[in-house]
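Here's a quick briefing to read alongside the sequence and the 3D view. Have a look at the fold first, then work through the points below.

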Amino acid sequence: MTTTVRVGAVLLAAGEGRRLNGMVKSAIEMQGVPLIRRALIGLSGAGVDEVVVVLGYQAELLEPMVHDFPVTIVRNTNYAAGQMSSVQLGLENLTGTFDAVMICLADQPLLNAQDFTALIGTFKKRSSGSIVIPRVNGQRGNPVIFAGQVRNEILSGQNNLGCRDYIDNNPQLVTVFETDNDHYVVDLDTLQDIEKLQKRLGLVLKLPLHPTASS
């Protein structure tokens, strides 16, 4: 019997791209499509019920790239405080009740609908616990998916899912999705990451203008 779960997602795209000298990572285009749009296409294809997109740094550049998707767009004016502030804001703006919530990063260029679906499937089939994380050859990946009550715990301040220590210290809550699919661990944090991916794919990624050039 197939179990239907209602899934919400928070897509994080508020970061400052510090290791890329302020480049807006989720605006990088791959085959003409910005990474932030690729993420939303994948989430839609996986049947995610509701998506909140959290913008912050250079929000005015990113917002036109996503305004035509049926998502909630929120701006984190305190993005410099770190990723957990965006997670919190995203969870606050999910309006529905969910069996599961995914926290997704907008700079993972290879993730697609099948990858999101596989993670959701692992969550549905887990035997215990409330959190599922992908792991590829010993490397922890993203997205993280967790049960709806964990969202409530985060919002009430009972735990901090953004803290790796929380997951490490509560192994009984965690199901590890072991896979050799490196889509879950490929991201673009440095120019070397971008160059490596271009070589792997045999195509050129179009980088956004530096903020100082586009202002």
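**Around strand β9**

I103 has V144 in β9 as its bridge partner. Keep in mind that this is a predicted model. I103 and V144 sit where β6 and β9 pair up, so let's start with that part of the sheet and then zoom out.

Strand pairing
- β6 covers residues 100-105 and β9 covers residues 144-147; the two pair in the antiparallel sense over four bridges.
- β9 also runs antiparallel to β7 (residues 131-136), and two bridges join that pair.
- Over on the β7 side, V132 stands opposite I145 in β9.
- As a rule, side chains in a regular strand alternate between the two faces of the sheet.

Overall fold
- In total, the protein has eight helices and 10 strands.
- Its radius of gyration is 17 Å, close to the 17 Å that the globule rule gives for 215 residues, so the protein is as compact as a globular protein of that length.
- Measured out along the principal axes, the C-alpha atoms fill a box of roughly 50 × 35 × 30 Å.
- If you take contacts between residues at least 6 apart in sequence, 71% of them join residues at least 24 apart.

Inside and surface
- Some 52% of the 215 residues count as buried.
- The exposed area comes to about 10,500 Å², with carbon and sulfur atoms supplying 47% of it.

Charge
- There are 18 positive and 21 negative side chains in the protein.
- The centres of those two sets lie 3 Å apart.

Definitions and conventions: Residues numbered from 1 in each chain as written. Predicted model: local features only at pLDDT ≥ 70, side-chain atom pairs only at ≥ 80, totals over all residues. Heavy atoms only, no water. Rg over C-alpha atoms; globule rule 2.2 N^0.38 Å. Buried < 20%, exposed > 50% of the residue type's maximum accessible area, 1.4 Å probe, protein only. Contact = heavy atoms within 4.5 Å. Areas by Shrake-Rupley, 256 points an atom, 1.4 Å probe, with all protein chains shown as cover. Lys, Arg positive; Asp, Glu negative; His and termini not counted. Charge placed at Lys NZ, Arg CZ, Asp CG, Glu CD.
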